[in-house]
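Trainee: I would like a close look at one part of this protein, with the details set in the context of the whole chain. Please take it step by step.

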Amino acid sequence: MVSSSSIAVRELPIFPLPEVVLFPGRPLPLHIFEFRYRIMMNTILDSDRRFGVLMWDPVKQEPATVGCCAEVIHFQRLPDDRMKIVTLGQQRFRLLEYVREKPYRVGLVEWIEDQPPAKDLKPKAKDVAQLLRDVVRLSAKLTNQKIELPEDLPDLPIELSYWVASNLYGVALEQQALLETLDTEKRLERETEILTSTRNHLAARTVLKDALT
């Protein structure tokens with residue numbers, strides 16, 4: 001159940017992408033070359049510069065029904081009307097139906113947001129941030145590289161949960177499940193499980209590496 005303040009319906013051009021899940025507040029650079037999407041971008045650049053990003057579901061062979069609105073914040077025109085654009089994730093949405101299929105899909109969507117938390121989630125967010133630091137430290141040690149978290153790492157629980165989810169690699173279906181979660185605490189709990197597993201795996205590899213050197 002979503003709060004009443006989050007329910008608003010509008011039409012939104014839809015851009016399906018394989019293995020890509022966009023989260024609010026996260027950047028997404030794109031190279032636009034397909035003719036239909038060049039038409040779409042030219043259209044939205046003349047309006048509010050917003051379109052919907054949906055992950056292409058490799059199992060169902062169709063776009064997911066929950067995605068994130070992207071806003072074009074920078075664009076560069078290339079030869080043959082191709083474009084390089086930089087977008088920023090805005091609100092999440094649920095696709096209700098398609099109102100047009102050609103030349104590109106346009107969907108009727110409703111905005112969705114997390115339920116208000118029942119308790120203070122800052123301690124849980126602090127634990128997630130510490131797990132992140134552990135993973136980064138162990139990764140740097142294993143690869144002999146300098147790896148650091150950004151200085152502007154979000155500290156608000158919901159924003160941190162989006163940041164962590166967007167930086168998981170090679171697990172698009174897991175990211176999609178996190179995007180669809182409407183409970184910040186549950187999203188942070190799942191990320192805690194993922195990061196703990198990753199940390200333990202890296203720690204074991206580090207012990208092995210130290211034993212062999």
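Which residues does UniProt list for "domain: Lon N-terminal", and what can be said about the place where domain 1 and domain 2 touch?

Mentor: The model is a predicted one, and the UniProt record, an unreviewed entry, lists residues 12-199 for "domain: Lon N-terminal". Over residues 12-199 the chain is 36% helix and 32% strand, and the C-alpha atoms at the two ends of that range are 40 Å apart. The protein as a whole comes to five helices and seven strands, which follow one another along the sequence in the pattern β-β-α-β-β-β-β-β-α-α-α-α, and its C-alpha trace spans about 60 × 45 × 35 Å along the principal axes.

For the part you ask about, the starting point is the division of the protein into domain 1 (7-109) and domain 2 (119-209), whose centres, taken over C-alpha atoms, are separated by 27 Å. Domain 1 brings 13 residues to the contact, and domain 2 brings 15 residues. The size of an interface is often given as the accessible area lost when the parts come together; between domain 1 and domain 2 the buried area is about 1300 Å², with carbon and sulfur atoms giving 67% of it. Of the area that domain 1 buries against domain 2, F23, R26 and R92 supply 46%, more than any other three residues.

As for specific interactions, the rule finds zero salt bridges across the interface of domain 1 and domain 2, whereas five residue pairs are found in polar contact there, with both residues at pLDDT 80 or more. On the side of domain 1 that touches domain 2, the strands β5 (66-77) and β6 (83-100) each supply at least two residues, and by class that side has eight nonpolar, one polar and four charged residues.

Two features of the backbone complete the picture. Most residues other than glycine have a negative phi, and most peptide bonds are trans. Against that background, K102 and P103 are joined by a cis peptide bond with omega about 0°, and P103 lies in the loop between β6 and β7 (106-112). The other feature concerns R49, a residue other than glycine, whose phi is positive, near 65°, and which is found in the loop between α1 (35-45) and β3 (50-57).

Note on methods. Residues numbered from 1 in each chain as written. Predicted model: local features only at pLDDT ≥ 70, side-chain atom pairs only at ≥ 80, totals over all residues. Heavy atoms only, no water. Domains from an automatic or database assignment. Contact = heavy atoms within 4.5 Å. Buried area = accessible area lost by both parts, 1.4 Å probe. Salt bridge = Lys/Arg side-chain N within 4 Å of Asp/Glu carboxyl O. Polar contact = N/O pair within 3.5 Å; in protein donor to acceptor, adjacent residues only side chain to side chain. Helix = DSSP H or I, 4+ residues; strand = E, 2+ residues; numbered from the N terminus. Nonpolar A, V, L, I, M, F, W, Y, C, P; charged D, E, K, R; others polar. UniProt positions renumbered as here; feature names shortened; annotations may be inferred.
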